[in-house]
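Open your viewer and keep the selection box handy. We will go from stop to stop, and at each one there is something to look at.

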Amino acid sequence: MSGSKPLVTSASVREYFELAVSEALEKQPLSATLGAAGYLVDVLCHYATADVEQLLRPVGVLLVRVEKKSAGALKLSELKQVGDQSLYLSGFFWENVKRRRLDPEYFSQVGGRAYTQLANAFDRRQSDSALSEIYAELASDFRSFVDVLFQVRRQGEPKAALPTL
């Protein structure tokens with residue numbers, strides 16, 4: 001087994017994903033901000049321990065339901081969930097999305113729309129302009145961030161160890 005890469009060499013899941021995202025970003029023609037890179041790490045850490053059932057909910061239906069709600073913290077939280085889930089599924093589980101004959105463009109549109117709405121909501125709040133910028137960046141470069149998560153997934157993990165949805 002000499003020359004093979006260990007599965008996880010860092011002390012924590014967060015450190016592992018920080019390194020993996022950094023390496024993946026170096027391979028992409030994307031100049032992501034530190035805020036966006038950190039956000040990707042947060043998404044990966046969240047879904048590393050998330051219930052698989054949470055990932056099986058159709059994001060388009062969730063987005064339509066959320067958009068009908070009046071503004072508030074719950075709406076923002078649910079928009080974040082839709083954007084994050086779209087990003088994670090279409091990036092980390094790209095092959096599963098293709099195998100299930102789901103259109104990757106669907107996830108890009110749903111996730112991008114959720115992040116755009118978040119950016120607009122946080123832009124109206126003067127104290128949350130940094131979040132607004134991160135969400136705007138995620139929305140405008142959604143497909144590139146999907147590619148980053150796909151690269152993270154492929155780094156060091158044997159395919160048999162990854163769950164299929």
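Here is a short tour of a few helices and two single residues in this predicted model.

**Stop 1: a helix pair.** Select residues 13-26, which form helix H1, and residues 34-48, which form helix H2. Their axes lie 9 Å apart and the packing angle is about 135 degrees. That angle falls outside the range over 145 that counts as roughly antiparallel, so H1 and H2 are oblique to each other. Their crossing is right-handed.

Now show side chains. On the H1 side of the contact, pick Val13, Arg14, Phe17, Glu18, Val21 and Leu25. Facing them in H2 are Ala37, Leu40, Val41, Asp42, Leu44, Cys45 and Ala48. Colour this contact by residue class and you get 10 nonpolar residues, three charged and no polar.

**Stop 2: helix H5.** Next, select residues 73-92. This 20-residue helix reaches 27 Å from its first C-alpha to its last, close to the expected 28 Å. H5 is mostly covered, with 15 of its 20 residues buried.

**Stop 3: tryptophan 94.** Move on to helix H6, residues 94-99, where tryptophan 94 sits. Its relative accessibility is 26%, so it counts as partly exposed. Among the residues tryptophan 94 touches are Leu89, Pro104 and Phe150. Then draw a C-alpha distance to arginine 153: the two are 59 residues apart along the chain, yet separated by 9.4 Å.

**Stop 4: serine 108.** Finish in helix H7, residues 104-123, by selecting serine 108. Is serine 108 buried or exposed? Its relative accessibility is 12%, so serine 108 counts as buried. Show its surroundings to find contacts that include Phe142 and Arg143.

Conventions: Residues are numbered from 1 along each chain as its sequence is written. This is a predicted model: local features need pLDDT of at least 70, side-chain atom pairs count only at pLDDT 80 or more; totals for chains, interfaces and linings use all residues. Side-chain values use heavy atoms; hydrogens and water are left out. Helices (H or I, at least four residues) and strands (E, at least two) are DSSP runs, numbered from the N terminus. Buried means under 20% relative accessible area, exposed over 50%, partly exposed in between (1.4 Å probe, protein chains only). Contact means heavy atoms within 4.5 Å. The expected span of a helix is 1.5 Å times one less than its number of residues. Axes are lines fitted to C-alpha atoms, for helices over the stretch in contact, and angles run from 0 to 180 degrees between N-to-C directions. Angles under 35 degrees count as roughly parallel, over 145 as roughly antiparallel, 65 to 115 as roughly perpendicular and the rest as oblique. A crossing is left-handed if the near helix is turned anticlockwise from the far one by less than a right angle, and right-handed if clockwise. Ala, Val, Leu, Ile, Met, Phe, Trp, Tyr, Cys and Pro count as nonpolar, Asp, Glu, Lys and Arg as charged, and the others, Gly among them, as polar. Lists of a residue's contacts leave out its neighbours within four places in sequence.
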